Structure formats: C-alpha cells, structure tokens
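This report describes the strands, the nonpolar core and the ring contacts of one protein chain. The sequence and the model are shown first.

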Amino acid sequence: MQLEKKHFEILPKAQQNWQNRPEWFFNRAHTDTYELWYEGRYKRAEIWQKKVMEQLVSKDTRIKTLLEFGCGTTRFTRWWKEIGIKATGGDISPLMLSQAINLFEGDLVMADSHHMPFKDHTFDSLAFITTFEYYKDPVKVIRESARVAKYGIAMGMMNRNSPKVLRRRVQQVFGKNPFYVTATFYTPAMLIKIIEEALQGREYTIEWSCTGLPKWFPVQQWSVPYGDFFGLYVKFTDVD
C-alpha cells in the first residue's frame, strides 16, 4: 500500500485573500524577505520617514500610547519607544505577525482594521505606516480609528505625486512588482478629503510634510505635496 504524499502550506491559497482579493502580505514568498528589504536599498528612505513621523506626532504631547495597525513585522512599531511612546501592533496577516512576535517585545493583535477589537479611546493615538493604501473602505477605517484613538491619528503614506508611482505601475504590467497591485496612492489633498468625510462633526487640525525626494535634491523634507512619502497627523481638539 502506497501512501499519498500531501504538501501543506502555513497559509493555504484559499486563505491568501483579503477584502475579496489576493494580497502580497498573505504570500510567504514576499513576507519572508520583508525585513531584508528595509535593511537594503530602503534604509535611507526609512530614516527620513521616521524623522517626518517623529516631528508630526511629538508635537502632540498628549500621546503616550499608540496602536499601529498594519504593523507587519513591526519595523516601525519597534521604533516608537525611541521617541517615548508605548506601542501596540495590529495586523491582518498571520505571516507578518509570525515574524513580529520574535522581533517585538510589546503586545500584538491579529485583526481587521475595519473592526478593531478595542474599546473606545483605548489608545492615545493610532498610526498607519504605508498600509492605509490597501484599504477598500478608507472612510470606515478612519472612523474606527477615531473611536479607538483619543487624541489623534498618524498616517505615513506613499505619495501619488511621485515619479516612482508610474515606475511601479509599469513594473506591474510586466509582472515584476506585486506589492502595489491593490494599493491606492493618495496625495495629501486627496487624503484630507477622505478624512473630512469620515470625521464630520469632529473638531481637529491637520498637519503634513513630504519626504522621499532624490538624494541629490537640496532639501529632503518640505511642505510641498511632492515626494515619494508624506506624513500626516490628525490632532483631535474636541477632547480633554
């Protein structure tokens, strides 16, 4: 009698979809190399992204705790403590979180950002770092964020006003860049319109700044809506 060999995957193909579409962060071929990407050619970009986010969030001295959704392997989540903020990570991908538990000392939760398993005002702030682009219902996610976060929402985004966006789309045509197929790229103005729709009736201020400019450019951060990355912070002013 010959036994049939079966091959099992950590995450079966039938479960590699989210929001009714396949996503790269449910594919181990991509998630296993995620940390290496940051340690390679993306290192310089990461440094400037953190500078921008620190400047925006640190101005709100009320922020002591933060939930970062779409935390992935906790690349940014590990960093928040360096600026005095206690972070918790949340993600929908078990493949990302399976790495995060070995890299991050704080709490982690596997959940959908559209339905966060937390009580109102559990955290001082909520952060999305290069993950908000993948939400099919961004208005719902912002409203859920405003429920869970008491004082503000921090967002680090891939900017639509960047020549890299065109390059990524061309690469996709040739099947060479699977990471942004389902991503929606925003400009600061586009994102602010979504925020205004989601937060009707709330009182808040918005501040943003761009980076991700060419290395040879005379400045690496500015208040002009051009660059590969922009950070944006929504500060709620209607809470004590």
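In this predicted model, M157 stands opposite F230 in strand β9. The two strands concerned, β7 and β9, pair in the antiparallel sense over 7 bridges. β9 also pairs with strand β8 (residues 204-211), again in the antiparallel sense, here over 8 bridges. Within that second pairing, S209 stands opposite G231 of β9. Strand β9 is mostly covered, with 7 of its 8 residues buried.

**Overall make-up**

The chain contains 7 helices and 9 strands. Of its 240 residues, 51% count as buried. Among contacts in the chain with a separation of 6 or more, 68% are made by residues 24 or more positions apart.

**Strand β6 and its partners**

Strand β6 spans residues 123-129, and 7 of its 7 residues are buried. It pairs in the parallel sense with strand β3 (residues 65-69) over 4 bridges, and E68 has A127 of β6 as its bridge partner. β6 also pairs with strand β7 (residues 149-158), in the parallel sense and over 6 bridges. In that pairing, I129 has G156 of β7 as its bridge partner. Together with helix α5 (residues 138-148), strands β6 and β7 make a right-handed β-α-β unit.

The strand pairings are collected below.

| Strands | Sense | Bridges |
|---|---|---|
| β3 and β6 | parallel | 4 bridges |
| β6 and β7 | parallel | 6 bridges |
| β7 and β9 | antiparallel | 7 bridges |
| β8 and β9 | antiparallel | 8 bridges |

One residue of β6, L126, serves as an example of the setting of this strand. L126 has a relative accessibility of 0% and therefore counts as buried, since the cut-off is under 20%. Leaving aside neighbours within four places in sequence, L126 is in contact with L67, F69, M116, S145, V148, A149, G152, I153 and A154. One of these, I153, is 27 residues away from L126 in sequence, yet the two C-alpha atoms are 4.9 Å apart in space.

**The nonpolar core**

Which residues touch the most other members of the largest nonpolar core? In this core of 51 residues, they are F69, W80, F128, F132, M155 and L191. At least two residues of the core come from each of α3 (43-58), β3, β6, α5, β7, α7 (188-198) and β9 (229-236). In soluble globular proteins, nonpolar side chains tend to be buried together.

F132 touches P138, V141, I142, M155, M157, Y186 and L191, with residues up to four places away in sequence not counted. M155 and L191, which F132 touches, are themselves listed among the core residues that touch the most other members.

M53 lies in helix α3 and is buried, with a relative accessible area of 0%. Apart from neighbours within four places in sequence, M53 is in contact with F76, W79, W80, I129, A154, M155, G156, F229 and G231. M53 and L232 are 179 residues apart in sequence, while their C-alpha atoms are 7.8 Å apart in space.

**Aromatic pairs and charges over rings**

How many aromatic pairs does the chain have? The count comes to 9. In one of them, the ring centres of F128 and Y135 are 5.8 Å apart and the planes stand at 75°, so the pair is edge-to-face; the cut-off for this class is over 60 degrees. F128 is buried, with a relative accessible area of 0%, and Y135 is buried as well, at 4%.

The rings of F217 and W222 also form an edge-to-face pair, because their planes lie at 75°, with the centres 5.2 Å apart. Are these two residues buried or partly exposed? F217 is partly exposed, with a relative accessible area of 24%, and W222 is partly exposed too, at 25%.

Ring pairs further link F128, F132, Y135 and Y186 into a cluster. Two members of this cluster, F128 and F132, also appear among the core residues that touch the most other members.

Two rings carry a charged side chain over the face. The charged end of K50 sits over the ring of F76, 5.6 Å from its centre. R202 lies over the face of F236, at 4.2 Å from the ring centre.

Methods. Residues numbered from 1 in each chain as written. Predicted model: local features only at pLDDT ≥ 70, side-chain atom pairs only at ≥ 80, totals over all residues. Heavy atoms only, no water. Buried < 20%, exposed > 50% of the residue type's maximum accessible area, 1.4 Å probe, protein only. Pairing = 2+ DSSP bridges. Right-handed = clockwise from strand over helix to strand, strands pointing away. Core = buried A, V, L, I, M, F, W, Y, C linked by side-chain atoms within 4.5 Å. Contact = heavy atoms within 4.5 Å. Phe/Tyr/Trp six-rings, centres within 6.5 Å; stacked < 30°, edge-to-face > 60°. Lys NZ or Arg CZ within 6 Å of the ring centre and 35° of its normal.
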